[in-house]
There are 2 protein chains.
Amino acid sequence: MLKINADRLWQSLMEMAKVGATAKGGVRRLALTSEDTAGRALFAAWCREAGLSLSVDRVGNLFARREGREAGAAVASGSHLDTQPEGGRFDGVYGVLAALEVVRTLNDADIVTRKPIEIVVWTNEEGARFTPAMLGSAAFTGVMPLETALGTQDADGVTLSDALATSGYQGERAVPGDRFDAYFEAHIEQGPVLEEAGVPVGVVTGGQAIRWLDVRVTGRAAHAGTTPMQYRKDALFGAADMASELEAIAVDFFPQGLATIGEWHIHNASRNTIAGELMFTVDLRNPSDAAIEEMEAAVRTRFEATAARRGLTIDITQHWVSPSTPFDPACIDAVQEAVSELGYVNQRIVSGAGHDAIHLAKHCPTAMIFIPCVDGLSHNEAEDALPEDVARGADVLLHAMLARAGRA
Amino acid sequence: MLKINADRLWQSLMEMAKVGATAKGGVRRLALTSEDTAGRALFAAWCREAGLSLSVDRVGNLFARREGREAGAAVASGSHLDTQPEGGRFDGVYGVLAALEVVRTLNDADIVTRKPIEIVVWTNEEGARFTPAMLGSAAFTGVMPLETALGTQDADGVTLSDALATSGYQGERAVPGDRFDAYFEAHIEQGPVLEEAGVPVGVVTGGQAIRWLDVRVTGRAAHAGTTPMQYRKDALFGAADMASELEAIAVDFFPQGLATIGEWHIHNASRNTIAGELMFTVDLRNPSDAAIEEMEAAVRTRFEATAARRGLTIDITQHWVSPSTPFDPACIDAVQEAVSELGYVNQRIVSGAGHDAIHLAKHCPTAMIFIPCVDGLSHNEAEDALPEDVARGADVLLHAMLARAGRA
């Protein structure tokens, strides 16, 4: 069975990691900076060597096309080359270079596909320079209006439009873009599930639903030394109870439900003052929209009961709601069949993080392939992946794309 | 039975409240500012009218003396005239003017005491301008060296020494000061106990022990979306458990034990990141040194067990330890006999807040008298007290001091 060239893919990953390399072994290529542009230039050179034609759209998304026997919508794959300020060598770049390796492998084997193939480098996926993250794919898929995307400013007040002009990536291709035949994205998992399970390939079935809540608990600030326990309305002890209840809710929805308190602020905090007002955030995740609705309802019911029992007032507001994103059954099947035929141990997995593929799923049939990353670590200079996993994921991508594009 | 002139005391309190009065009905007289100096000048004028001789020590503590039949150590009483930036009309000033009212009442009744009587205005009790609080009484009692006290700077870099020179309160009297025969201080409770109990007079038996702990909990920061619950080392959920355990410890030591978490900081907090490191403070109080030792031991045992169970590391350090301050039994008895003879409903109470009397207790026989304040509110422009409670507390002070000083 056809396989990609594992050494070539690894060498390309290591070559790309030199562009914006940090002293600690990571990478810094903020979107559309000179480092990111240098990374794109290296990728473009490799694409030209591989006989691909390049084009750029109005938000700087870069496309490299391999024609098929037939005209029409391409089977696309890609990810991003920009990184976090202290990023790693695999997040994003793996998906781009795995797609390039697919093309190189098809070239080596003289395979002509029925449908065209396109590799995509999405602009500003990380959100580390321009906000929000996944900006390029959001504009491409029409999730974000073009003018909004172009007017987005970085911390120095530079607009995306200006950054595109400076970097030479102010392209002509229309935004929103034409529909792909399908979109596949290979990515490191950015979590510990595959590694802990000893599974080298994850067949990603979609993105989970997310709900961000803001919880404000109000009691009564008072002197820690003069106020007997029975007269207190301590917002902190109330919030601590709620945190324990939140963890219990996650257990009720185990293993799919996730719950996190990431921020926690006491108003006018002082060591010897009973907390009168406190705000904390809740991050809920679940692959099922129905289940996350139940999780939020449980949060509200339990938190409000605790507040009432303690004489506290509580205000719970939705900060952000994002429904689940199921991937396309046919694309998931294509990935599943590829990995099964290759004989790689695999499992179904839901994407916990955001990816360009989450936007693409609203635009065309989409699926993803995950490979493990060491210690589940990402957004970190120590981010790492094993060469054999890197190769297996690209093999799966190759066969999924080939099945979808068809041999001519 | 002899009583003070309730109307005169109330009028004096209201007159003093005009000095530095705020729009919201509070008072702003930061230590040794022009407002504080004006308040002292008004008090000094009243003292001269009452035939008292004035002196000032090297940290600006102001003494007004009424001679007795005998020479020697005085029976002293007082408190402070400085306030919080948004302070009230009673905190401190009540103790000073209640002592003045005692002298005025003795004058009216032509009573000569055996021992002299002194009224004291302590410098910078609030700690709102110079740090620490209770600075004047700390220097007077030798708790703080004179040079340290004089070199203390306010937020603008003005030293206490400079502020004394500017305000005209750079006195000659030695610091540390001579031992008083006894010291009594009347004060609003600054908590809800007396008001909730419907008791107008509290016989204060001492100051409670205080322990401030810093607790650092370390888990592992990770992505809220990609990390299954079972792989998490969530410092926040661990700390929430500890908060609940702390509250349970306070219940175990009810009603004497108090426990408060006033500060709580997540390191690099982010809404969608599991807390990797978190610091919170613990404020423990108990009138018994043995009991507070047990409370701290319970905190350490339970917190460490929770950390171990959750795979977290924990570091608990003592930030500050202050032993309990029992007042003098004879002075407490003098207060108790006075209130009993006056027939006022009363109860024993421990001081939850710091007072100049806490320092004085290390220097000479000391006791305090508390009166209720409305809603337990203090350090607030809305601070209030009932005229009848104000009068009763001063009656008790009169008879306690008279018993101690003796009629000539």
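**Exercise 1.** Leaving aside its neighbours within four places in sequence, which residues is Val102(A) in contact with? Then place Val102(A) in its nonpolar core.

*Solution.* Keep in mind that we're working with a predicted model.
- Step 1: Use the contact cut-off, C-beta atoms within 7 Å. Once the neighbours within four places in sequence are dropped, Val102(A) is left with Ile4(A), Ser77(A), Ala394(A), Leu397(A), Leu398(A) and Met401(A).
- Step 2: Now for the core. The largest nonpolar core has 96 residues, and Val102(A) is one of those touching the most other members, along with Val335(A), Ile369(A), Ala394(A), Leu397(A) and Met401(A).
- Step 3: Look for another core. A second, separate one holds 95 residues, including Leu30(B), Leu81(B), Met144(B) and Ala334(B).
- Background: in soluble globular proteins, nonpolar side chains tend to be buried together.

**Exercise 2.** Work out how the buried residues of helix 1 of chain B are arranged around its axis.

*Solution.*
- Step 1: Check the geometry. Helix 1 of chain B covers residues 6–17, and its 12 residues reach 17 Å from first C-alpha to last, close to the 16 Å expected at 1.5 Å a residue.
- Step 2: Pick out the buried residues, which are Leu9(B), Ser12(B), Leu13(B), Met16(B) and Ala17(B).
- Step 3: Look down the axis of helix 1 of chain B: the buried residues fall within an arc of 135 degrees, so they line one face of the helix.
- Step 4: Flip to the other side of the helix, where Asp7(B), Gln11(B), Met14(B) and Glu15(B) are exposed.
- Step 5: Ask what does the covering. Helix 2 (34–49), helix 3 (93–108) and helix 12 (387–405) of chain B are among the elements over those buried residues.

**Exercise 3.** Describe how domain 1 and domain 2 of chain A meet.

*Solution.*
- Step 1: Get the bounds. The domain assignment gives domain 1 as 6–207 + 324–405 and domain 2 as 209–322 in chain A.
- Step 2: Take the distance between the C-alpha centres of these two domains of chain A: 38 Å.
- Step 3: Count contacts. Four residues of domain 1 of chain A touch five residues of domain 2 of chain A.
- Step 4: Sort the domain 1 side by type, which gives one nonpolar, three polar and no charged.

**Exercise 4.** Break down the side of chain B that touches chain A.

*Solution.*
- Step 1: Start with the tally: 45 residues come from chain B and 46 residues from chain A.
- Step 2: Find the main supplier on the chain B side. Helix 8 of chain B gives the largest share, eight residues.
- Step 3: Split the chain B side by type, and you get 22 nonpolar, 15 polar and eight charged.

Definitions and conventions
Residues are numbered from 1 along each chain as its sequence is written. Chains are lettered from A and ligands numbered from 1 in the order in which they are written. This is a predicted model: local features need pLDDT of at least 70, side-chain atom pairs count only at pLDDT 80 or more; totals for chains, interfaces and linings use all residues. Two residues are in contact if their C-beta atoms, placed from the backbone, lie within 7 Å. Helices (H or I, at least four residues) and strands (E, at least two) are DSSP runs, numbered from the N terminus. Ala, Val, Leu, Ile, Met, Phe, Trp, Tyr, Cys and Pro count as nonpolar, Asp, Glu, Lys and Arg as charged, and the others, Gly among them, as polar. The expected span of a helix is 1.5 Å times one less than its number of residues. A residue is buried if 20 or more other C-beta atoms lie within 10 Å of its own, exposed if 12 or fewer, and partly exposed in between; C-beta atoms are placed from the backbone. The arc is that of the directions from the helix axis to the C-beta atoms. Domain bounds come from an automatic or database domain assignment. A nonpolar core is a set of buried Ala, Val, Leu, Ile, Met, Phe, Trp, Tyr and Cys residues joined through C-beta atoms within 7 Å.
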